[in-house]
Amino acid sequence: MVPPNNAYWPPSPGYWPSSKVRSMNFYRGFKNLWGPSHQSMDQHGLTIWLDRTSGSGFKSYRPFRSGYFGASIKLHPGYTAGVITSFYLSNDQAHPGFHDEVDIEFLGTTFGKPYTLQTNVYIRGSGDGKIIGREMKFHLWFDPTKNFHHYAILWNPKELIFLVDDVPIRRYPRKSDATFPLRPMWVYGSIWDASSWATEDGKYKADYKYQPFVAKYTNFKASGCSAYASHWCRPASASPYRSGGLTRQQHWAMSWVQRHHMVYNYCQDPKRDHRLTPECWG
């Protein structure tokens with residue numbers, strides 16, 4: 001594993017939202033969704049794996065309309081091209097073909113190259129068929145196969161914030177109802193074969209002579225306003241401010257990560273039709 005350039009640690013964000021949310025036992029909040037034979041649980045957490053017969057995925061029992069959602073994840077080392085390990089929010093089963101989705105995806109890689117962490121936002125079916133993705137991609141400042149690191153999505157009515165070890169790496173503000181997820185979503189995780197696109201646009205495929213590809217999850221957190229909660233339920237915040245947003249120190253940490261470790265931003269891609277992504281304007 002070759003570390004990316006500028007592979008030193010980001011400045012402290014000064015606030016740690018994960019510390020405000022209690023960890024939960026996997027079975028209290030989640031259930032297997034598919035590939036039950038490729039999932040196991042022990043005192044250390046959840047293990048899911050992909051081989052040539054199947055991958056595996058899980059889903060929260062409850063849908064949420066806002067909240068903090070995180071898990072500590074350790075990725076598979078070595079050749080993982082074509083393999084996606086994910087932690088995300090979605091309502092695709094409730095609204096097939098017309099769904100919202102907020103993704104943290106780890107795009108598998110080849111020997112000597114770092115994993116890519118992809119964040120993405122789909123709004124009302126734009127991920128189905130005619131894709132309008134809102135991808136921002138990063139090479140992390142550590143090797144995610146060596147230890148567990150905490151990855152999280154903070155979703156409230158004003159914004160989406162993606163965090164790695166409590167460092168904000170991306171803030172996606174609600175600039176309009178048309179470009180922001182407003183319907184309840186469930187929390188998911190999975191490992192699966194996405195050879196058609198995952199690694200260098202599909203150049204490198206999953207190679208099952210390296211199977212099984214294993215992902216480990218622990219320290220599950222899912223707290224916020226469920227779809228059934230009172231409208232008095234207070235949305236989560238990634239900062240000390242009850243109204244949301246980030247502190248100046250958090251903004252500085254996020255800017256540092258984007259300056260040194262972001263490798264793709266859809267808003268800066270000249271090949272994209274930005275008439276379809278008005279949140280990039282201005």
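Two strands pair if DSSP finds at least two bridges between them. With that in hand, welcome to a tour of this predicted model, told as a set of close-up views.

**View 1. Strands S2 and S3 meet in a hairpin.** A hairpin of 2 residues links S2 to S3. The two strands run antiparallel, and 4 bridges hold them as partners. One spot to look for is Gln39, which stands opposite Ile48 in S3. How much of strand S3 is buried? In strand S3 (residues 45-50), 5 of the 6 residues are buried, so the strand is largely enclosed by the rest of the structure.

**View 2. Seven strands make an open sheet.** Step back from the hairpin and the sheet it belongs to comes into view. Its 7 strands follow the order S2-S3-S14-S5-S10-S11-S12, with antiparallel pairing. Strand S2 (39-42) and strand S12 (167-173) are the edge strands, each pairing on one side only. From one strand to the next, the twist averages 20 degrees. As background, strands of a sheet pair through backbone hydrogen bonds, either parallel or antiparallel.

**View 3. Two more pairings can be picked out within the 7-strand sheet.** S3 also has S14 as an antiparallel neighbour, joined to it by 5 bridges. Here Leu50 has Phe213 in S14 as its bridge partner. Elsewhere in the sheet, strand S10 (residues 149-156) and strand S11 (residues 159-164) run antiparallel and are joined by 6 bridges. To find this pairing, look for Trp155, whose bridge partner in S11 is Leu160.

**View 4. A second open sheet is built from 8 strands.** Reading across this sheet, the order is S1-S4-S13-S6-S7-S8-S9-S15, and the pairing is antiparallel. Why do S1 and S15 have one side without a neighbour in the sheet? S1 and S15 stand at the edges, and each has a single partner strand, so one side of each is left free of a neighbour in the sheet. On average, and with direction ignored, neighbouring strands of this sheet are turned by 15 degrees against each other. Within the sheet, S7 and S8 pair in the antiparallel sense over 7 bridges. Glu105 stands opposite Gln118 in S8, and both residues return in the next view.

**View 5. The largest pocket holds about 870 Å³ of space.** Which residues are the closest to the centre of the largest pocket? Of the 38 residues that line it, these are Glu105, Leu107, Gln118, Trp197 and Ala198. Several strands supply at least two residues each to the lining, among them strand S7 (101-107), strand S8 (116-122) and strand S13 (186-193). Strand S1 (30-34), strand S4 (56-60), S6 and S15 do so too. The lining is a mixture by class, with 14 nonpolar, 13 polar and 11 charged residues.

**View 6. An enclosed space also appears in the model.** Rolling a probe the size of a water molecule over the atoms shows where empty space is left. How many cavities of 30 Å³ or more does a search of the whole structure find? The search finds 1, and the volume of the largest cavity is about 30 Å³. Leu75, His76, Thr80, Val83, Thr85, Tyr115, Ile191, Phe213 and Val214 line the largest cavity. Strand S6 (83-90) and strand S14 (213-226) are the elements that give two or more residues to this lining. By class, the lining has 6 nonpolar, 3 polar and no charged residues. You have already met Phe213, as the bridge partner of Leu50.

**View 7. A disulfide links Cys225 and Cys233.** The sulfur atoms of the two cysteines are 2.1 Å apart. The torsion about their S-S bond is about -95 degrees, so this disulfide is left-handed. Is each end buried or partly exposed? Cys225 counts as buried, at 1% relative accessibility, whereas Cys233 counts as partly exposed, at 27%.

**View 8. Another disulfide joins Cys267 to Cys280.** The structure holds 2 disulfides, and in this one the S to S distance is 1.9 Å. Its link is left-handed, with -75 degrees about the S-S bond. Both cysteines lie in the segment after strand S15 (262-265), so the pair ties together parts that are 13 residues apart in sequence. Cys267 is partly exposed, with a relative accessible area of 28%, while Cys280 counts as buried at 17% relative accessibility. Numbered in sequence order, the bonded cysteines of the protein pair as 1-2, 3-4.

Key:
Residues numbered from 1 in each chain as written. Predicted model: local features only at pLDDT ≥ 70, side-chain atom pairs only at ≥ 80, totals over all residues. Heavy atoms only, no water. Axes fitted to C-alpha atoms, helices over the stretch in contact; angles between N-to-C directions. 1 Å grid on protein atoms, 1.4 Å probe; cavity = no way out; pocket = protein on both sides within 12 Å on 5 of 7 lines; lining within 4 Å. Points joined across faces, edges and corners; volume = space filled by probe spheres on them. Nonpolar A, V, L, I, M, F, W, Y, C, P; charged D, E, K, R; others polar. Disulfide = S-S within 2.5 Å. Buried < 20%, exposed > 50% of the residue type's maximum accessible area, 1.4 Å probe, protein only.
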